[in-house]
Amino acid sequence: MNIDKLLKEVNKIHFIGIGGAGMCPIAEILISLGYTVTGSDNNDTETFRRIEREGAKVFLGQKKENISNDTELVIYTNAILEGNEELEYAKENFPCFERADILGAISRIFSNCIGVCGTHGKTTTSSMITQILLEAGLDPSAVIGGKLPAIDAYGRYGKSENFVCESCEFNNTFLKMNADTAVILNIDEDHLDFFKNLENIKKSFRKFADNTTKTIIYNGDDKNTVDALKGITGKKLISVGKSKSNEWVAENINVPGGFCSSYDAYRNGEFIAKIELSVPGEHNIINSLCAVAAAVESGADIDAVCRGLKNFRGAARRFELLGTYKGITFADDYAHHPAEIRVTLEAAKKMGYKRVWAVHQPFTFTRTEKFLNEFADVLKLADKCVISAIMGSREINKTGIKAADLAQLVPDSVQLDTFEEICDYVTENAAEGDIVITLGCGDIYKAARMMVNRLSD
């Protein structure tokens, strides 16, 4: 059954897991396009109530009675576990598709779908592009992996042909969409439980590029990305980087520390603008320059580009500053790969704090085992390191890897399984002038909130 054809024929769509950060903005777009939307979730979250306010009929808890007989299409998230009553009933009685399928179909509705992919930096770059297009009055739709403060949401529906879509490589979900403009930030080893090796990852990114209809904006300084794109024809190719061989080049880079940096943007040797950023870290130079190129290709004027980037202060969970309590600063970051943790801690070390605390939640057993030494090396950058239990997520621990195995490789680190233990230890031992950063893509942010609440009280 073709979901593109089905989407043109149906009116009533039911979402299983509608409160998920990735599901809510898709449902919101479909409501705006005139569809009748219902949905369920096991968790009473902010996004669950948001989509209810937008007009969806929602059910807390998942059971087959949530799906009415006149439902014409069911969308579910792959986070739903096997044996879920509502999903099993749906598959027996209605056309069912995963989130990636409906996102792919939506990507083909818009004439300028900007698909942002890469092992690192997708959410930040998608957010930057969205903010620039908003500043330029280009009214984009968007589906982003983190909350963008400018819209206070994970996505939005706009009335233009511009659609900014974070395009994730996990399980090849990004191959179900067709971007008009692809932004490829970098290619690195990750999700090896699925891809097995780097070559397979490169092949998937190559396929994503092949599926792109018009333009490919890519990091010309990233060898793996350049390798993956060799021989691509029939597309407009735009390279971005610090090397002068690229079309868009960042020069006179200034990263003084703190939540700011700047550089001069050149295109084909011609000075275009001085770009000022309000987010930390040298890695955001390339992220932002890719956003510049994508926004200009989409019709944004350079003044709007500069305003948008200067006003952008990060997406949720991307070095998100939570505040300072009893003289201790707290931040939260989604970093869950050694390369991501490195750039976050390196940025923090330049900010002038007395000590940098890394509170890390390892995510998935396979990633922890594969990159055990690499995780240890980057966590050594912190002055103090606390490691929680591994969050297995979708995996079964087949090898017996433990968080203690990682802690043994990080001198003077502390391994504590629960967030309560972590909260007790950090709040008792952190001192005025320190920064504490929670790191991980699981639920380590809850530990950050516990510590903030403890010191607020």
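## Burial and overall form

Of the 457 residues in the chain, 56% count as buried. The structure is a predicted model, and the values in this report are computed from it.

The chain has a radius of gyration of 22 Å, which agrees with the value near 23 Å that a compact globule of 457 residues would have. Along the principal axes, its C-alpha atoms fill a box of roughly 60 × 55 × 40 Å.

## Secondary structure and contacts

The chain contains 17 helices and 21 strands. Contacts between residues at least 6 apart in sequence were also examined: 65% of them join residues at least 24 apart.

## Surface and charge

About 18700 Å² of the chain is exposed, and carbon and sulfur atoms supply 46% of that area.

The chain carries 52 positive and 64 negative charges. The mean position of the positive charges and that of the negative charges are 2 Å apart.

## The surroundings of Ser-160

Ser-160 belongs to the loop that runs between β8 (153–156) and β9 (162–166). Although the residue is in a loop, Ser-160 is classed as buried because its relative accessible area is 18%, under the 20% cut-off.

A polar atom of the Ser-160 side chain lies 3.1 Å from the backbone nitrogen of Asn-162. When neighbours within four places in sequence are left aside, the residues in contact with Ser-160 are Phe-110, Leu-138, Asp-139 and Pro-140.

## Two residues with positive phi

Most residues other than glycine have a negative phi. Two residues of this chain are described here for their positive values: Asn-252, with a phi of about 50°, and Asp-412, with a phi near 65°. Neither Asn-252 nor Asp-412 is a glycine.

The settings of the two residues are as follows. Asn-252 is placed in strand β13, which covers residues 248–254, whereas Asp-412 lies in the loop between α15 (403–407) and β20 (414–415). Asn-252 counts as exposed because its relative accessible area is 51%, over the 50% cut-off. Asp-412 is likewise exposed, with a relative accessible area of 75%.

## Summary

The predicted model shows a chain whose radius of gyration agrees with that of a compact globule. Among the residues described, Ser-160 is buried, while Asn-252 is exposed and Asp-412 is exposed.

Notes. Residues numbered from 1 in each chain as written. Predicted model: local features only at pLDDT ≥ 70, side-chain atom pairs only at ≥ 80, totals over all residues. Heavy atoms only, no water. Helix = DSSP H or I, 4+ residues; strand = E, 2+ residues; numbered from the N terminus. Buried < 20%, exposed > 50% of the residue type's maximum accessible area, 1.4 Å probe, protein only. Polar contact = N/O pair within 3.5 Å; in protein donor to acceptor, adjacent residues only side chain to side chain. Contact = heavy atoms within 4.5 Å. Rg over C-alpha atoms; globule rule 2.2 N^0.38 Å. Areas by Shrake-Rupley, 256 points an atom, 1.4 Å probe, with all protein chains shown as cover. Lys, Arg positive; Asp, Glu negative; His and termini not counted. Charge placed at Lys NZ, Arg CZ, Asp CG, Glu CD.
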